[in-house]
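Biologist: Pick one part of this model and give me a close look at it, please. After that, walk me outward to whatever else deserves attention.

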Amino acid sequence: MNQINRRTLIKLGAFGLAGGYALSQSNVPAKPTFPEPPVLKTKMLKPGVLEAEVAAAPSQVNIAGRKATLLTYGGSFPGPTLRVREGDRVRLNFINRLTEVTNLHLHGLHVSPTVDDPLAMIDPGQSRLYEFTVPRGSAGTYWYHPHIHKEVAPQLFAGLAGAIVVEGPLDATPGVKEAEEHLLVLKDFALVGSRIAPHNPMDWMNGKEGNLVLVNGALRPMLRAQKSTLRLRLLNASNARYYRLQLEGHPLYLIATDGGFVEKPVELSELLLAPGERAEVLVRLSKEGNFKLQALPYDRGSTGMMGMGGMQNMMSAGPSQLETLLTVVAPSKPRPLPLPASFAPLERLDPAKARVTRRVVFSEDMMASRFFINEKAFDAGRVDFTGRLGDLEVWEIENKGDMDHPFHLHTYPFQVLERNGVAEPFRSWKDVVNLKKDDLVRIAVPLRDFGGLSVYHCHIVEHEDRGMMGTLEVGG
Ligand code: C2O
Ligand code: CU
Ligand code: CU
């Protein structure tokens, strides 16, 4: 080696070699930078009227630092975020470029079930226009995913999920407005080579979880905060995995649930997100350092399989393991904003005014891997509940199974009144509520604005696919 080359190498050493070294250590897990999901391009036809297009298609994408063939919206995982404002008229054209039937569900948005039709079937090569108005007062975090009965679990697991962000006047609340905003789509994957691992019989029973527990498709990314107050929009887009979230050294200040803002921030040491649920939290970084956002172990119930002797261990789900989801790097000399004192008062739904009280009972037949509501498996041709537009209803939901089941209702956001006889500590709009074994939850459901056929189901989507869904027909 001659002098010049050696000197060049020595010079490079100060900068380039660290990179070269990292490249050669392909077995050392890289610390990827936190990736923000892409935003769906919209065209403004006139003020307040937006047009957008999204296609479902198989695509090669990078997840957990490697190439994988997924089913995606818009060629990415997560799918592109639809960002709209309260009051917007949206014309969303959805194209099916898969080789199988699918559709699009606008999870949590209070729009007509004739538009967001849970039973719509869109054949390969076909498209469908979803035209709707974003409701006032709904600023928050929602999402979209497929809704073909018996196919939701494999299609969602393969990557078909994206967020919907609704902006509104409450986003301008001091303490929220200046915060650094990030969207975290929490979804696990399992790969065989570069392909999605197919469902096995156990997955159809427990709900499929993957060993790659990712945030926006990245494995344990680093979120280098520029500001000292973060606003995290959290979406559990997993088939069956629960996230019991905790940030090292920091409480989470809950500012929004499924259906938007709560009345005032709620301080939490941890936050449980069941499949389908969303939450928004403020994080106040007051010291320098690195802090892990973790999913703590959570036991969502064992499938037991009593009497199967030696197979029992293999059969039970057991508690999940602790997972690090990402690391927040605080800025230097952090100075977090004061917490907002309040947002806006939420409507108080008076259960005494309810005209109807319904019962919804979850049960399981583990041996057959079948799941029921009120002892019946889903039948698209059967109307289970008939409601009257404008009525307030109380639903009593009970879990007589052995596992947790997250209850979800389309079209009509609800408020949880009480769990097991205990009043909810604070009011909020929800569209998913988790039930542990033996739980009894009462919710108040206003049947407003839209009639038509809606569904309610368990949001462990394998359970939905295997029967745990019912229909609600609302007429004038
Ligand atoms: Cu997100 Cu009917 O579901
Ligand atoms: Cu939904
Ligand atoms: Cu379930």
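Modeller: Lys 333 sits in the loop that runs between strand E22 (323–329) and strand E23 (356–365). Keep in mind that this is a predicted model. The backbone at Lys 333 has a phi near 45 degrees, which is a positive value in a residue other than glycine. Its relative accessible area is 71%, and exposed starts over 50%, so Lys 333 counts as exposed.

Another lysine shows a positive phi too: Lys 150, with a value near 85 degrees. Lys 150 is also a loop residue, placed between strand E8 (140–145) and helix H2 (152–157). With a relative accessible area of 53%, Lys 150 is exposed.

Back to strand E22, on one side of the Lys 333 loop. Its range of 323–329 takes in Val 329, and Val 329 is in contact with Met 222. Met 222 belongs to strand E14 (residues 222–224). Buried means under 20% relative accessible area, and Met 222 comes in at 9%, so this side of the story is about an inside residue. Beyond its sequence neighbours, Met 222 also touches Thr 327 and Asn 290, plus a run made up of Lys 31, Pro 32, Thr 33 and Phe 34. For a sense of scale, take Met 222 and Glu 462: these residues are 240 places apart along the chain, and their C-alpha atoms are 32 Å apart.

The other end of strand E22 brings us to some empty space. The structure holds one cavity of 30 Å³ or more, and the largest cavity contains about 30 Å³. Glu 323 is part of its lining, together with Arg 241, Tyr 242, Ala 295, Leu 296, Ser 320 and Gln 321. The largest pocket has a volume of about 590 Å³. It has 25 lining residues, and those nearest its centre are Leu 271, Leu 272, Glu 277, Arg 419 and Glu 424. Several strands supply at least two lining residues each: E17 (252–257), E19 (271–273), E20 (278–284), E29 (422–423) and E30 (432–435).

Now the nonpolar packing. The largest nonpolar core has 54 residues, and the members touching the most others are Ile 63, Leu 92, Leu 106, Tyr 130 and Phe 132. Strand E2 (residues 49–63) is its biggest contributor, giving six residues. At least three residues come from each of domain 1 (11–168) and domain 2 (180–329). Ile 63 makes a good example: setting aside close sequence neighbours, it is in contact with Ala 68, Leu 70 and Phe 77, and also with Phe 189, Leu 191, Leu 214 and Gly 217. A separate core of 32 residues lies apart from this one, and Trp 395, Ile 397, Leu 435 and Val 445 are among its members.

Two residues from those lists lead somewhere else. Phe 77 is joined to Pro 78 by a cis peptide bond, with omega about -10 degrees. Pro 78 is in the loop between strand E3 (66–73) and strand E4 (79–85). Val 445, for its part, leads on to Pro 446, which lies in strand E31 (residues 440–446). Pro 446 has a relative accessibility of 5% and counts as buried. Its contacts beyond sequence neighbours are Leu 349, Asp 391, Leu 392, Tyr 412, Pro 413 and Trp 429. Pro 446 and Asp 123 are 323 residues apart in sequence, with 34 Å between their C-alpha atoms.

That leaves the copper. For the copper ion (ligand 2), the protein donors are His 105 and His 408, both through NE2, lying 1.9 Å from the metal. His 105 is in strand E6 (residues 105–107) and His 408 is in strand E27 (residues 405–409), so the pair ties together parts that are 303 residues apart in sequence. Both His 105 and His 408 are buried. The copper ion (ligand 3) takes its protein donors from His 405 (ND1), Cys 458 (SG) and His 463 (ND1), at 2.0 to 2.1 Å. The sequence spacing of those donor residues is H-x52-C-x4-H. Cys 458 and His 463 are both buried as well. If you go on to check the geometry, ideal angles at a metal are 109.5 degrees for four tetrahedral donors.

Conventions: Residues numbered from 1 in each chain as written. Chains lettered and ligands numbered in written order. Predicted model: local features only at pLDDT ≥ 70, side-chain atom pairs only at ≥ 80, totals over all residues. Heavy atoms only, no water. Donors = N, O, S within 2.8 Å, 3.2 Å for Na, K, Ca; no water. Helix = DSSP H or I, 4+ residues; strand = E, 2+ residues; numbered from the N terminus. Buried < 20%, exposed > 50% of the residue type's maximum accessible area, 1.4 Å probe, protein only. Core = buried A, V, L, I, M, F, W, Y, C linked by side-chain atoms within 4.5 Å. Domains from an automatic or database assignment. Contact = heavy atoms within 4.5 Å. 1 Å grid on protein atoms, 1.4 Å probe; cavity = no way out; pocket = protein on both sides within 12 Å on 5 of 7 lines; lining within 4 Å. Points joined across faces, edges and corners; volume = space filled by probe spheres on them. Lists of a residue's contacts leave out its neighbours within four places in sequence.
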